[in-house]
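Welcome to a short guided tour. Keep your viewer open beside this text and select each stop as we come to it.

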Amino acid sequence: MNLKNWVVVFDLDDTLISELEYQRSGISSVEAAITSIYGIAFDGRIQRALDDGVKDIWAWACQQLGLPPEVKTSLLWIYRLHSPNIKLFKGVDELISRLLSYEAKLAILSDGRSITQRLKLRAIGLESLPLFISEEYQSVKPEIDRFVSIENKWPQCNYVYVADNSAKDFAAPRSRNWLTIGARWISPRVHCFSDQARAGNQPDQWLDRPSMVLSVITSSCK
């Protein structure tokens with residue numbers, strides 16, 4: 001099988017990795033920083049507060065530490081800039097290996113901050129892939145700019161976008177006649193699936209396992 005005329009583009013959060021796993025990693029990093037900087041044992045306390053329904057965990061942490069609420073900005077940046085302890089979701093590594101063996105071109109298109117998203121990709125070993133991160137392009141989904149940039153980088157190819165959020169992920173690639181695949185294999189999630197999105201925002205197909213992506217692509221080749 002040869003997929004050299006295919007460009008397979010992945011979203012990142014809750015598609016390649018669990019956003020909940022990243023969130024836990026970041027909170028643990030902040031807790032460790034608090035213990036180190038302020039000398040107050042904080043292991044697990046922010047995570048428990050979040051699990052108990054605290055909405056603004058950074059303001060809550062400041063209150064617990066007797067610090068002004070403005071310090072929460074510093075805690076938030078520790079979270080955003082930490083080196084995450086995360087891994088590719090089960091089955092995604094095999095999917096990527098098979099796509100590469102079939103000579104498909106791969107890229108990442110994700111909303112988020114440049115450094116934050118690149119740290120995630122470095123943690124899962126995908127930092128060498130072409131990246132189209134919203135902060136670097138000053139364009140967020142559902143805007144089409146980055147999808148057009150991918151078409152310009154690899155002209156006259158077949159394109160597929162694999163992502164998870166029907167509220168914003170699929171409208172732009174569908175408008176460009178891309179194949180769109182909904183990743184429904186990660187659970188639990190930070191953000192719930194929405195079934196209320198307009199029909200034009202839904203992917204061509206929702207899949208429950210990463211291994212099914214290759215079957216959908218090869219079926220589209222016929």
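One definition before we start: helices and strands here are DSSP runs, numbered from the N terminus, with at least four residues for a helix and at least two for a strand. With that in hand, please also keep in mind that this is a predicted model.

**Stop 1: two cis prolines**

Select P142, in the loop between α7 (134-137) and α8 (145-153). Look at the peptide bond that leads into P142 from K141: the bond is cis, with omega near 15 degrees. Now jump to P188, which you will find in the loop between β5 (179-183) and β6. The bond from S187 to P188 is cis as well, and its omega is near 0 degrees.

**Stop 2: positive phi outside glycine**

Go back to the loop between α7 and α8 and pick Q138. Q138 is not a glycine, yet its phi is positive, near 50 degrees. Is Q138 buried or exposed? With 68% relative accessibility, Q138 counts as exposed.

Next, select N177 in the loop between α9 and β5. N177 is another non-glycine residue with a positive phi, about 65 degrees. Its relative accessibility is 71%, so N177 counts as exposed, given that the cut-off for exposed is over 50%.

**Stop 3: the nonpolar cores**

In soluble globular proteins, nonpolar side chains tend to be buried together. To see this part of the model, show V8, F10, L16, I46, L99, V162 and I217 as sticks: these are the residues with the most contacts inside the largest nonpolar core, which has 49 residues. Helix α3 (residues 57-65) supplies the largest share of this core, five residues. Another core lies apart from it, with 15 residues, among them V9, I150, A172 and W178.

Stay with I217 for a moment. Which residues does I217 touch, leaving aside its neighbours within four places in sequence? The contacts are L3, W6, V8, L99, V160 and L179.

Now widen the selection to helix α10 (residues 212-220), where V213, L214, V216, I217 and T218 are buried. The cover over these buried residues includes β1 (6-10), α5, β4, β5 and β6.

**Stop 4: a cavity**

Rolling a probe the size of a water molecule over the atoms shows where empty space is left. In this model, the count comes to one cavity of 30 Å³ or more, and its volume is about 50 Å³. To find the cavity, select its lining: G91, E94, L95, R98, S211 and L214. Helix α5 (residues 92-101) gives the largest share of that lining, three residues. Colour the lining by class and you should get two nonpolar, two polar and two charged residues.

**Stop 5: just past α5**

Move on to Y102, in the loop between α5 and β2 (105-110). Not counting residues up to four places away in sequence, Y102 touches M1, N2, L3, K4 and L214. For a distance to try in your viewer, take Y102 and I17: their C-alpha atoms are 23 Å apart in space, and the two residues are 85 apart in sequence.

**Stop 6: aromatic rings**

A pair of aromatic rings is described by the distance of the centres and the angle of the planes. The count in this model is eight aromatic pairs. Zoom in on the one formed by F170 and W206, which is edge-to-face, with 5.9 Å centre to centre and 85 degrees between the planes. F170 sits in the loop between β4 (158-163) and α9 (171-175) and W206 in strand β6 (residues 205-207), so their pairing ties together parts that are 36 residues apart in sequence. F170 is buried, at 0% relative accessible area, whereas W206 counts as partly exposed at 24%.

Then select F147, Y159, Y161 and W178, which form one aromatic cluster.

**Stop 7: a buried glutamine**

Finish at Q47, in helix α2 (residues 45-51). Is Q47 buried or exposed? Q47 is buried, because its relative accessible area is 15% and the cut-off for buried is under 20%. Beyond its neighbours within four places in sequence, Q47 is in contact with R24, I27 and E31.

Notes
Residues are numbered from 1 along each chain as its sequence is written. This is a predicted model: local features need pLDDT of at least 70, side-chain atom pairs count only at pLDDT 80 or more; totals for chains, interfaces and linings use all residues. Side-chain values use heavy atoms; hydrogens and water are left out. On a 1 Å grid over the protein atoms alone, a cavity is a set of points where a 1.4 Å probe fits but cannot get out, and a pocket is an open set with protein on both sides within 12 Å along at least five of seven lines; lining residues have an atom within 4 Å of a point. Grid points are joined across faces, edges and corners, and a volume is the space filled by probe spheres set on the points. Ala, Val, Leu, Ile, Met, Phe, Trp, Tyr, Cys and Pro count as nonpolar, Asp, Glu, Lys and Arg as charged, and the others, Gly among them, as polar. Buried means under 20% relative accessible area, exposed over 50%, partly exposed in between (1.4 Å probe, protein chains only). Contact means heavy atoms within 4.5 Å. A nonpolar core is a set of buried Ala, Val, Leu, Ile, Met, Phe, Trp, Tyr and Cys residues joined through side-chain atoms within 4.5 Å. Rings of Phe, Tyr and Trp (its six-membered ring) pair if their centres lie within 6.5 Å; planes under 30 degrees apart count as stacked, over 60 as edge-to-face and the rest as tilted.
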